[in-house]
2 protein chains.
Amino acid sequence: MSAEEQTCVDISPLIFRQLFDRETCTFTYILGCQATKEAIIIDPVIGLVERDAKLIKELGLKLKYGMNTHVHADHITGTGKLKEIFAGCKSIVSKRSGAKADEFVDQGDQVMFGNQTLECRCTPGHTDGCMTYVCHDHKMAFTGDALLIRGCGRTDFQQGDSGRLFDSVHSQILSLPGGYKLYVAHDYKGCTITTVAEEKQFNPRLTQTKEKFMEIMANLNLSAPKYIDKAVPANMMCGYVAE
Amino acid sequence: MSAEEQTCVDISPLIFRQLFDRETCTFTYILGCQATKEAIIIDPVIGLVERDAKLIKELGLKLKYGMNTHVHADHITGTGKLKEIFAGCKSIVSKRSGAKADEFVDQGDQVMFGNQTLECRCTPGHTDGCMTYVCHDHKMAFTGDALLIRGCGRTDFQQGDSGRLFDSVHSQILSLPGGYKLYVAHDYKGCTITTVAEEKQFNPRLTQTKEKFMEIMANLNLSAPKYIDKAVPANMMCGYVAE
């Protein structure tokens, strides 16, 4: 292709916002169909629901789904609270997560909002129910904790399994075209985005052999997430905290 | 236009990265010309230069300019350090800032890197030398502290002048087409982007009359930035700290 390459597409425009929680370094994503205003939110954080709801309203969007990439251990999801604010909003999670939600998704399912579609890909290994949501029209994927920028989610609690994570990431995420933009659930160094091509070349863990990767993951010696005892049970039911 | 609107463009693709400093909530931007790999960085933070340099190298970019939107009071710029890492990289700042740099820009000047162009617009009011850089091809503007998401930079130190800031933002930023994406120098609530249309409708300060805006700005009662005594003198000379 020439330097001045011709980009000529016929796809429905997307309204897109990336949001950040400074406390847990969690990214939340709002995706809206420009034409119909139907929208979804991925991985909202309970303490920031007011911020997110205000923005959704200002953008003139109708929230159809509150989705999680997985049952988080580091923060409580905001999907339950968002359902209270936006009548008709439904929660979505992987059926393999064991969590409660209004709708469940599995490998190959499609989530539709307006003229936009997300393909669901199972990427277990950090947890059993980890899901990557792929928007082919806009060449974007939301990887949750399966793949992080130059890293990946830990595999030492919940249903962590490093061999399984390696296979998931390679077969479901790094198999996408190199130019696909990857939006992750966390970044601790202030990065906001990566691509398939970048991670295939520069991810220090996932460019290793499976055996070496498993060895690295077995020797991270990380401390437990601060809120895991509260977060996991709450996230099994849309963030509603048991009294 | 129909819902499935036709987008047909003939512009040179841009490599773009937004980066965040969790300590001072500062955004740094890397823009690279896909075709030629020439690149610039806007508002780098001295403590994160290694992160930024690593990413610039991984993306295969050649850093042409290290630019500042203004003489920051809250952090020390990384342009000096980046010049040491990337041979040939030059620093740029507004000639109205009074700061030292390799090149100076003023109203209407253009900064070119590869096939990409930024238009320089003077937006004084937070400081005398505040500059907004506009990339018309990609409908983006980098507003520094002149305009923040649902806010604006303070006007109570350096050469702060709230009436001037009001005029700058309205004449140079909010006069751009509504769909232009605005990338700011800071956000303290985890938002990452806004648009001209959004700020024209929802900015709580800048949707007021000039008189009301000046009254709001005169009554913010903010404490001084933590690092102002070190940051301002260092930023007058590309972040080199006087021994």
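**Exercise 1. Place B:Ile46 in chain B and decide whether it is buried or exposed.**

Step 1. B:Ile46 sits in the loop that joins strand S4 (38-42) to helix H1 (49-58) of chain B. Helices (H or I, at least four residues) and strands (E, at least two) are DSSP runs, numbered from the N terminus. This is a predicted model: local features need pLDDT of at least 70, side-chain atom pairs count only at pLDDT 80 or more, and totals for chains, interfaces and linings use all residues. Residues are numbered from 1 along each chain as its sequence is written, while chains are lettered from A and ligands numbered from 1 in the order in which they are written.

Step 2. Count neighbours. A residue is buried if 20 or more other C-beta atoms lie within 10 Å of its own, exposed if 12 or fewer, and partly exposed in between, with C-beta atoms placed from the backbone. B:Ile46 has 21 other C-beta atoms within 10 Å, so B:Ile46 is buried.

**Exercise 2. Find which residues B:Ile46 touches.**

Step 1. Contact requires C-beta atoms, placed from the backbone, within 7 Å.

Step 2. Leave out residues up to four places away in sequence; B:Ile46 then touches B:Ile76, B:Thr77, B:Gly78, B:Lys81 and B:Gly239.

Step 3. Check one partner. B:Thr77 is 31 residues along the chain from B:Ile46, yet their C-alpha atoms are separated by 5.2 Å.

**Exercise 3. Describe the contacts and burial of chain A.**

Step 1. Take contacts with a separation of 6 or more: residues 24 or more positions apart account for 60% of them in chain A.

Step 2. Turn to burial: 50% of the 243 residues of chain A count as buried.

Step 3. Add the extent. The C-alpha trace of chain A spans about 60 × 50 × 30 Å along its principal axes.

How values were computed. Two residues are in contact if their C-beta atoms, placed from the backbone, lie within 7 Å.
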